[in-house]
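Q: Please take a close look at the interior of this model, and say how its rings, enclosed spaces and far-apart stretches of chain are arranged around it. A connected account, with cut-offs, would suit me best.

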Amino acid sequence: MSTGLREYLDGPHKAVRDVVRDGLAANAGLLDAGLDLSRDEYRDQVLAVMQQVTAERHTGRGFPKEFGGQGDLGGFIAGFETLAFGDLSLMVKAGVQFGLFAGAILHLGTSGHHERYLTDAIEGRLLGCFAMTETGHGSNVQALGTTATYDPATDEFVVHTPTAAARKDYIGNAARHGRMAAVFAQLVVGGETHGVHCLLVPIRTPDGESMPGVTLSDCGPKLGLNGVDNGRIVFDQVRVPRTALLDRYAQVDADGTYSSEIENPDRRFFTMLGTLVQGRVSVGGAAINASKVALTIAIRYADRRRQFGAPGSAEEALLLDYRMHQRRLLPLLARTYALHFAQAELVDEFVRIFGSDGTDNAEGGLGDRAEHDQRALEAHAAGTKAIGTWHATETIQMCREACGGAGYLAENRLAALKADTEVFTTFEGDNTVLLQLVAKGLLTNYRESFGKLDPLGTARFIAAQAVEIAVEKTALRTVVERLRDAVPNRNDATDPDAGLRDDAYHCGMVRFREEHMLAGVARRLKNGIDAGEDVFEVFNRCQDHVIAAGRAHVERVVLEAFLTAVQASPKGPVQDRLKELYDLHALATIEAERAWYIEHGRLSGPRSKAITALVNELCAAVRPHADELVEAFGVPGAAVDVPMVVPSQHE
């Protein structure tokens, strides 16, 4: 069964995933490098392995063929996700180089930039950075302080860091290996600021020295990912030619005339950032795969390690036979499967919008339909990344605890997984901010007049639309009435077990919660605004509700993606195992929010207890197949054959 299930999980890019698995197996020594080498030696070894992978042409898979790529964006993302089965510093460094730096050149540049830089970037000869984040402006990209001022006398941009808060911070590849940076800065032309744009700025000479006016420093030791050379960059009146501007969405001519096909500056900014969504898509997938590694280790350990046993028995019981141990690990296993299929749906949508070679074929502004699709994709990616990375943090921690003292030893890899994935919840977008983005998209369609993600901008936008949302009572009432047929209320006490494994019941419950929370947010916003309160204060008071609504939406999307995957799976053992996992995930999701459902009259006390009892039964049903279910992830042996799970002489 595990072979067929693995093929189904690997999907259409199985061959790519297997190639990456083989490469990770061949470089298994990198898994111990962080423990055995100095920080600089570790960083250099990570670079050496990345260049080896590059030489084998895997990293260019998603780029256009005319620049040395293979025009296979889906395969590129599948390969990147699979790198998370190995050393995560390698995965992140590859993400910086190929997803962010080369991706910025591809998506924000034009033919001149592509011809001059792209081949060298995707073949690893030009090592680069993605210099967006600043010390004082983390997630608020639109307020970045770095400036790029055009000087018509020399036909150059002058890149400058005006304050300490504008220092570029946490920049991968900046401390040791990077030679050029894609720098995001406020573009100033003719005394007028045109918002954030991206320029290519050399930061090191070919022999590794800092370029004149560029100050580079090391962020130093981190909680994890110490194989990535994160650094800080300060610019002091650094001059670059006008052609350094990545000018797909805006141009500056030699006379100092600024032009763009997208007239609205906010729309232009979000269009530019939207092309860089690949990083968010990839990080979410990598986090889900890191969860698979942890679960493989912990479940294999629990299926071998014995502890206590029945009174009077000479044989101790396996950890995984204990109900509480099943409760700790198996719902997380089911949720990992759910997120795997949700991620696969997201990648399919990403490839559909951006094309198989990573280009969306829109030289200037996007058409209305394309823009709508891109906005929807951004929200989808934001939500999946947030839920996937939070899941990784929870799962790896639980796996560590479930392995006791053995899980705390570095040799058993859970410590490195915990440390290396910790930052996933805040890079490529802080998860809380990302769920706010999701909720904003749910409350109303994107409008050109809305151009800020900060709380004040969001509040103003929602204020303008709250009435429209709130008065859609007919449609909302129709949804609620329909759900009453599928979702039992307090009257279900007569038959609390009825329909608990019904797919329609699961979907109805999570959809009702999403719709109810969105309607509740709209009402609260409308009431506050109607009362004449300050819009910022209204939004700030509701912010937790807004974010909870965003999360409820993503939970529904994940559940439905899992159900779709189960229904499309090969009939027989594969579908049987997936259906058990789906039921476990669905009911554990409802169980986790049972207080909310009870508060809102959608769950009786007896039915709540029946759900808990069925979750226990499903854990018992999944338990005999747990080893096969993690084996189907296909994690390379070196990553999971840790000392605590290698069979001992006592087995």
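A: A residue is called buried when its relative accessible area is under 20%, exposed when this is over 50%, and partly exposed in between (1.4 Å probe, protein chains only). The model is predicted, with local features needing pLDDT of at least 70 and side-chain atom pairs pLDDT 80 or more, while totals for chains, interfaces and linings use all residues. Residues are numbered from 1 along each chain as its sequence is written, and side-chain values use heavy atoms, leaving out hydrogens and water.

To begin with the whole, the protein has 651 residues, of which 56% count as buried. Its secondary structure amounts to 23 helices and 13 strands, where helices (H or I, at least four residues) and strands (E, at least two) are DSSP runs numbered from the N terminus. Among contacts (heavy atoms within 4.5 Å) in the protein with a separation of 6 or more, 75% are between residues 24 or more positions apart.

The aromatic side chains give one view of how distant stretches meet. The structure contains twelve aromatic pairs, a pair being two rings of Phe, Tyr or Trp (its six-membered ring) with centres within 6.5 Å, stacked if the planes are under 30 degrees apart, edge-to-face if over 60, and otherwise tilted. Tyr-337 and Phe-633 make a tilted pair, because their ring centres are 5.2 Å apart and their planes stand at 40 degrees. This pair links distant parts of the chain, since Tyr-337 belongs to helix H10 (residues 323-354) and Phe-633 to the loop between helix H22 (626-631) and helix H23 (637-640), with the two positions 296 residues apart in sequence. Both Tyr-337 and Phe-633 are buried. A further group of rings, made up of Tyr-8, Phe-341, Phe-562 and Tyr-582, forms one aromatic cluster.

Helix H1 (residues 2-10) offers another link across the sequence through Gly-4, which lies in that helix. The C-alpha atoms of Gly-4 and Ala-632 are 8.2 Å apart in space, although the two residues are 628 positions apart in sequence. Unlike the buried rings of the tilted pair, Gly-4 counts as partly exposed because its relative accessibility is 31%.

The empty spaces come next; on a 1 Å grid over the protein atoms alone, a cavity is a set of points where a 1.4 Å probe fits but cannot get out, a pocket is an open set with protein on both sides within 12 Å along at least five of seven lines, and lining residues have an atom within 4 Å of a point. The second largest pocket has 23 lining residues, and those nearest its centre are Arg-335, Glu-555, Ala-588, Thr-589 and Ala-592. Two or more lining residues come from each of H10, helix H11 (368-402), helix H17 (503-530), helix H18 (535-568) and helix H19 (573-592). H10, which also carries Tyr-337 of the tilted pair, is thus described twice here.

Just beyond H19, Glu-593 sits in the loop that leads to helix H20 (594-599). With a relative accessible area of 31%, Glu-593 is partly exposed. Its C-alpha atom and that of Val-510 are separated by 9.7 Å, with their positions 83 residues apart along the chain.

The largest cavity is lined by 21 residues, with Val-20, Val-53, His-58, Thr-59 and Leu-83 lying nearest its centre. Here helix H2 (14-26), helix H4 (39-55), helix H5 (73-83) and helix H6 (88-108) are the elements that each give two or more residues to the lining. The second largest cavity has 13 lining residues, and Leu-24, Asn-27, Leu-31, Gly-86 and Asp-87 are the closest to its centre. H2 supplies at least two residues of this second lining, and so does H23.

Two loop residues deserve a last look for their backbone angles. Most residues other than glycine have a negative phi. Leu-225, though not a glycine, has a positive phi of about 55 degrees; its place is the loop between strand E7 (214-218) and strand E8 (231-235), and Leu-225 counts as buried because its relative accessibility is 6%. Gln-237 is also not a glycine and has a positive phi of about 55 degrees. This residue is found in the loop between E8 and strand E9 (238-241), where Gln-237 counts as partly exposed at 46% relative accessibility.
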